[in-house]
There are 2 protein chains.
Amino acid sequence: MLTPERHKLILQLLKEKGVVKIQDLVDLTETSESTIRRDLTQLEEGKYLKRIHGGAARLKGKLQEPSMSEKSSKNLQQKRQIAHYAANLVEEGDSIYLDAGSTVTEMIPFLPAKEIVVVTNGLMHIQALLERNIKTFLIGGFAKEQTKAIIGRGALASLENYRFDKCFMGVNGIHPQFGFTTPDQDEAMIKQMAISLSREAFVLADDTKFSEIAFAKIAELHTAAIITNELNEDQRESYSSKTTIKVVTA
Amino acid sequence: MLTPERHKLILQLLKEKGVVKIQDLVDLTETSESTIRRDLTQLEEGKYLKRIHGGAARLKGKLQEPSMSEKSSKNLQQKRQIAHYAANLVEEGDSIYLDAGSTVTEMIPFLPAKEIVVVTNGLMHIQALLERNIKTFLIGGFAKEQTKAIIGRGALASLENYRFDKCFMGVNGIHPQFGFTTPDQDEAMIKQMAISLSREAFVLADDTKFSEIAFAKIAELHTAAIITNELNEDQRESYSSKTTIKVVTA
DNA sequence: GCAAAAATCAATCATTTTCACTCAAAATAA
DNA sequence: TTATTTTGAGTGAAAATGATTGATTTTTGC
């Protein structure tokens, strides 16, 4: 059983039962106690759970992206630079789509306030958008706890009612051959449709996303421009012929 | 059974019953008396309870829990009572609609967790619902900053896709002649449609809402049952012939 | 009221469980 | 192949547990 599988299982169990015992996890995953301990340590560092004697307990946080707190501040700086650049692409009068995701959230403080209309499926975005008095529409559909995103069939149908000047999203993988990918099929479909409904599409991604492939395909590279923080020479060669890339430097 | 589990259980029991006997805890947790004693000692040190001969008692001061400290006002107490009663009306397997509003939010901790489906237009509800792992669908549409509600044409269209066993909402005015009313026309339309899509409809209202009239009409009195905290004799006469009223007392 | 009986208590100790840490083997990547 | 990562077993330390003891409190019977 692979590490991400175990992590997923642990979090799933934790969500259901509130607490899990280490011994149960050992039996369930058929791995050693050491491995489970390491898993728990990692997940605790990422603020996904709280370790307790004999196991782990769910922590009741607020509506916050766990991965936000998990990432280092350097990473957050990069994200913010990328987000800032992306936000400046938005012009007065635009209607834009903001996909769920922590990098996209960082765009909101930099958006031009007046005369823009935002459509989003990101529950995390809502508060920041309303605080800035930006005209905001939320997609309807199933609320996914993990990523705080609205997804599912209803979400697709809901999204179809809009058209956008620009759309912005994060992805998990960017690959010359396989294009943009993300782990969740449902989220991939939403992103896919958002791109097709937009005049221009932008993918916000730090350098770790390049050459990665996740499970579900969103679209080919040429369908969206990439905004990133760094790109080595090899990568530039592989990608620049297939799509537009803007590298934002500090 | 892990230590935090026991602690949680003890506090839970204490909150419900006021006092617990050590022997009961021993039987319940299937641990030794020593362990329970240690638990009680620790919890007393943390000011979560008071030890008494033979067991433990809830302490009546404040700050035994964050939720305690936040619910200071008498008004909130009333709301919570009303909400608690309403939540108990929900049965396993129900699909319900929860309208935006603070009283309705208070229902969420009391809802049966499993096998229910919730549809809502209340952004404030989302966090609490997801924390409880309740299957949640959000209506799509315009996000209104003031009331943190999804409203507008899109919301109505989005809502039409669902059918409910029960729906719950707050209102601003209840009047024998003018029925249920609220200040915002758009919100009124949502509530109206929610009622028409439900087998049963419930209005949660404290006593200050009676004989009030707000701008926009939602529906006639007979379309929804009222759950309230108090009702004087005159009011009972005026309303009880027109609709079902449940008075929840302390 | 008073003393014996019963119940509850705090304190201690031996045992068991869980812990963090290390190291070497295995799996994976370069 | 050589590096790097992941894994599983072993170690002594730390924590949690259950039984026991004798002291203290409450209840009972008169």
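Here is a walk through a predicted model with chains A and B, going from the domains down to single residues.

Let's start with chain A as a whole. Its residues split into domain 1 (3-57) and domain 2 (68-247), and the C-alpha centres of these two domains of chain A are 31 Å apart. UniProt, in an unreviewed entry, carries the annotation "domain: HTH deoR-type" for residues 3-58 of chain A. In the model, that span is 64% helix and 16% strand, and 19 Å separates its end C-alpha atoms.

Now hop over to chain B and look at helix 3 (residues 33-45). Its 13 residues should cover 18 Å at 1.5 Å a residue, and since the end C-alpha atoms are indeed 18 Å apart, expectation and model agree. Which residues of this helix are buried? They are Thr35(B), Ile36(B), Asp39(B), Leu40(B) and Leu43(B). Viewed down the axis of helix 3 of chain B, the buried residues stay within an arc of 135°, so they line one face of the helix. The spacing rule behind this is a familiar one: an α-helix has 3.6 residues a turn, so residues three or four places apart point the same way. And what do the buried residues of helix 3 of chain B pack against? Their partners are helix 1 (3-17), helix 2 (22-29), strand 2 (50-52) and strand 3 (55-57) of chain B. On the face turned away from the buried side, helix 3 of chain B carries Arg38(B) and Glu45(B), which are exposed. Just after this helix, Lys47(B) adopts a positive phi of about 60°.

Back in chain A, strand 4 (residues 95-98) is worth a stop. In a regular strand, side chains alternate between the two faces of the sheet. Here both faces are covered: Ser95(A) and Tyr97(A) are buried on one side, Ile96(A) and Leu98(A) on the other. As for its strand partners, strand 4 of chain A runs parallel to strand 5 (residues 117-120) of chain A, with four bridges joining them. Within that pairing, Tyr97(A) has Val119(A) as its bridge partner. Strand 4 of chain A also pairs with strand 9 (residues 164-170) of chain A, again in the parallel sense, over three bridges. There, Ile96(A) stands opposite Lys166(A).

Next, a residue to look at in both chains. Lys148(A) sits in the loop between strand 7 (141-144) and strand 8 (149-151) of chain A, and its phi is positive, about 55°, although it is not a glycine. In chain B, Lys148(B) is likewise in the loop between strand 7 (141-144) and strand 8 (149-151), with a positive phi near 50°. So is each one buried or partly exposed? Lys148(A) counts as buried because its relative accessibility is 7%, under the 20% cut-off. Lys148(B), at 28%, counts as partly exposed.

Let's finish with Phe137(B), which belongs to strand 6 (residues 135-138) of chain B. Its relative accessible area is 22%, so Phe137(B) is partly exposed. Leaving aside residues up to four places away in sequence, Phe137(B) touches Gly141(A) and Phe142(A) in chain A, plus Val117(B), Val118(B), Val119(B), Thr120(B) and Tyr162(B) in chain B. As for Asp184(B), it is 47 residues from Phe137(B) in sequence, with 23 Å between their C-alpha atoms.

Definitions and conventions. Residues numbered from 1 in each chain as written. Chains lettered and ligands numbered in written order. Predicted model: local features only at pLDDT ≥ 70, side-chain atom pairs only at ≥ 80, totals over all residues. Heavy atoms only, no water. Helix = DSSP H or I, 4+ residues; strand = E, 2+ residues; numbered from the N terminus. Buried < 20%, exposed > 50% of the residue type's maximum accessible area, 1.4 Å probe, protein only. Contact = heavy atoms within 4.5 Å. Domains from an automatic or database assignment. Pairing = 2+ DSSP bridges. Expected span 1.5 Å × (residues − 1). Arc of directions from axis to C-beta. UniProt positions renumbered as here; feature names shortened; annotations may be inferred.
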